[in-house]
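Hi everyone, thanks for coming. I'd like to walk you through one structure today, so please have a look at it on the screen while I talk.

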Amino acid sequence: MKREMSSRAYKAAQNYIPGGVNSPVRAFRSVGLDPIFVESGRGSRIFDIDGNGYIDYVCSWGPLILGHSHDDLVGKVTETARKGLSFGLSTQAEVEMARIIVESYIVDSKPAIDLVRMVNSGTEATMSALRAARAYTRRDKILKFEGCYHGHSDAMLVKSGSGALTYGVPTSLGVPEDVIKHTLVGRYNDCEQLREIFKAHGHEIAAVIVEPVVGNVGVISAGHEFLRAMRELCTEHGSVLIFDEVITGFRLSYNSAAGYFGIAPDMACFGKIIGGGLPVGAYGGKADIMKTVSPLGGAYQAGTLSGNPLAMHVGMKQLQILRDNPEIYGRLDSMGSRLANGLRQAVSDLGLDYTVNQVGSLVCLFFAGGSITDYDGVMRCDVPRFNKYFKLMLDRGILLAPTQFEAMFISAAHTDADIEYTLECCRESLREVSRDEG
Ligand SMILES: *Cc1c(COP(=O)(O)O)cnc(C)c1O
């Protein structure tokens, strides 16, 4: 498969954009290839500027749960744009959007959040939620878990340090030690450590933030027990439990991860799906917590383009389609299972010891054996082998995320035939990879 135009575009891009990309994963660096430049997308397919078509499992990293350029969403863009692109003043669409989110976020027949503030990205949502939680509790410390990604704000760019388990070190240059000294880092799915952390620091912890299913190091589901322990410890110690639902929101179910697991957090962050492909984020929580946010309270947070009419109308349309067609989730789940089971079959037929994790429409083939339930498990993966597999899949017209450490995203536009063809390509690519290595 030729990708000369993309390679040429990439060279030109590097003259004007750092690394030629506006988000690092797009550079395909971890797989050692030139990135593709996209021309268009339609349904489950994406087309590059060389004219190659691929079945897309990136789906813009999650937002496109209905696939590319869904007619109703594209229609909303043009309809809305004719009335104006931005006002920086209130519109009814913002209210409607907030209502849809609150009314969807149901656990045990009750809304888990009361008030929602719209922002422009997932990063902004988590950053702002943490500020509100700190304002509400008048505490500074935050607990996150290794392998969870919560955007690129300073306080969240932290991994666990060696030795002392819970104090983190920055994962990026430019993040002051002073800023992250308030961020504790725990091991995902480790209830015992969680209890220890609360025993030592519970009275200082403003918030615990977690991806209920980790979608940023492949796919790892939280155990029920882990989420339940977190819920109980936060209640007991007066800490705010924040579910980062930027991936899981409206993906695991219409009631998001909270509904899926039946566990209510105190706050939730959204992004990706709620914008339908337009830049958006949102954070919400219990009224008492959200009342700390300005203009009601002293926690400042603002945004010139927040609640942008295009993002509101397109996002809302996507959410309405999901709400009014609940069978979509059944289809996504069954395609996810089919893909995961097919991958497991392919792996076992070839005598390979690889693990497949799946939660609904999120699937990951880990190039490592055994059960993978935390970051350390993911780090056992044979990355060079994945990279070969990625290239073989790309050449067969299957676009995976260009790194081992991301999920495959299935959309409602994917067909059973897409899944079957993908599995055929997986079998051949895995066979080639294992043959090469003997
Ligand atoms: C993508 C993502 C974010 C960051 O969202 P951006 O819109 O990229 O800033 C935060 N949390 C999770 C779980 C994500 O997957």
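Let me begin with a term: a residue counts as buried when its relative accessible area is under 20%, and as exposed when that area is over 50%. Please also keep in mind that this is a predicted model.

With that cut-off, take Cys234. Its relative accessibility is 1%, so Cys234 counts as buried. Cys234 is in no disulfide, and the nearest cysteine sulfur, in Cys191, is 13 Å away. What about Cys364? Its relative accessibility is 2%, so Cys364 is buried as well. The closest cysteine sulfur to that of Cys364 belongs to Cys381, at 7.0 Å, and that is too far for a bond. How many disulfides does a search of the whole structure find? The answer is zero.

Now to the sheets. A quick reminder for anyone who needs it: strands of a sheet pair through backbone hydrogen bonds, either parallel or antiparallel. One open sheet here has seven strands, in the order E6-E16-E15-E14-E11-E7-E10, with mixed pairing. Its edge strands are E6 and E10 (183-186), each pairing on one side only. On average, neighbouring strands in this sheet are turned by 20 degrees against each other, if you ignore direction.

At the E10 end, E7 (residues 141-145) pairs with E10 in the parallel sense, over four bridges. Lys144 stands opposite Val185 of E10 there. Helix H6, residues 191-201, lies across E7, E10 and E11 (205-210), and runs at about 170 degrees to E7.

Which helix lies across E6, E15 and E16? That is H3, running at about 125 degrees to E6. H3 covers residues 92-104, so 13 residues, and spans 18 Å from its first C-alpha to its last, close to the 18 Å expected. Its buried residues are Ala93, Met97, Ala98, Ile100, Ile101, Val102 and Ser104. As a general point, an α-helix has 3.6 residues a turn, so residues three or four places apart point the same way. The buried residues of H3 pack against several elements, including strand E4 (106-107), strand E5 (110-111) and helix H10 (309-324).

Ile101 comes up again in the largest nonpolar core, which has 115 residues. Ile101 is among the residues with the most contacts inside that core, along with Phe145, Phe250, Ile274, Leu322 and Tyr389. Helix H11 gives the most to this core, with nine residues. If you zoom in on Leu322, you will find that it touches Ile65, Leu66, Phe250, Tyr254, Ile273, Ile328 and Tyr329, leaving aside residues up to four places away in sequence. There is also a second, separate core of 20 residues, which includes Ala132, Ile209, Cys269 and Val293.

Let's move to another open sheet, this one with three strands in the order E17-E18-E20 and antiparallel pairing. E17 (355-359) and E20 (408-409) are its edge strands, each pairing on one side only. Five bridges join E17 to E18, residues 362-366. Val356 stands opposite Leu365 of E18. And here is H11 once more: residues 327-349 pack on this sheet, touching E17, E18 and E20, and the direction of H11 makes about 175 degrees with that of E17.

There is a hairpin to look at too. E2 (residues 45-48) and E3 (residues 53-56) pair in the antiparallel sense over three bridges, and Arg45 stands opposite Ile55 of E3. Four residues lie between the two strands, and Gly51 in the turn has a positive phi of about 90 degrees. E3 also pairs with E19, residues 398-399, this time in the parallel sense over two bridges. Ile55 has Ile398 as its bridge partner in E19.

Last, some backbone details in the loops. Ser109 sits between E4 and E5, and its phi is near 65 degrees, a positive value in a residue other than glycine. Is Ser109 buried or exposed? With a relative accessible area of 70%, Ser109 is exposed. Arg138, in the loop between helix H4 (122-137) and E7, also has a positive phi, of about 55 degrees, although it is not a glycine. At 78% relative accessibility, Arg138 counts as exposed. Finally, the peptide bond joining Ser294 and Pro295 is cis, with omega of about 10 degrees, and Pro295 lies in the loop between H9 (287-290) and H10.

Thanks for listening, and I'm happy to take questions.

Technical notes:
Residues are numbered from 1 along each chain as its sequence is written. This is a predicted model: local features need pLDDT of at least 70, side-chain atom pairs count only at pLDDT 80 or more; totals for chains, interfaces and linings use all residues. Side-chain values use heavy atoms; hydrogens and water are left out. The expected span of a helix is 1.5 Å times one less than its number of residues. Buried means under 20% relative accessible area, exposed over 50%, partly exposed in between (1.4 Å probe, protein chains only). Contact means heavy atoms within 4.5 Å. Two strands pair if DSSP finds at least two bridges between them. Axes are lines fitted to C-alpha atoms, for helices over the stretch in contact, and angles run from 0 to 180 degrees between N-to-C directions. A nonpolar core is a set of buried Ala, Val, Leu, Ile, Met, Phe, Trp, Tyr and Cys residues joined through side-chain atoms within 4.5 Å. A disulfide is a pair of cysteine sulfur atoms within 2.5 Å.
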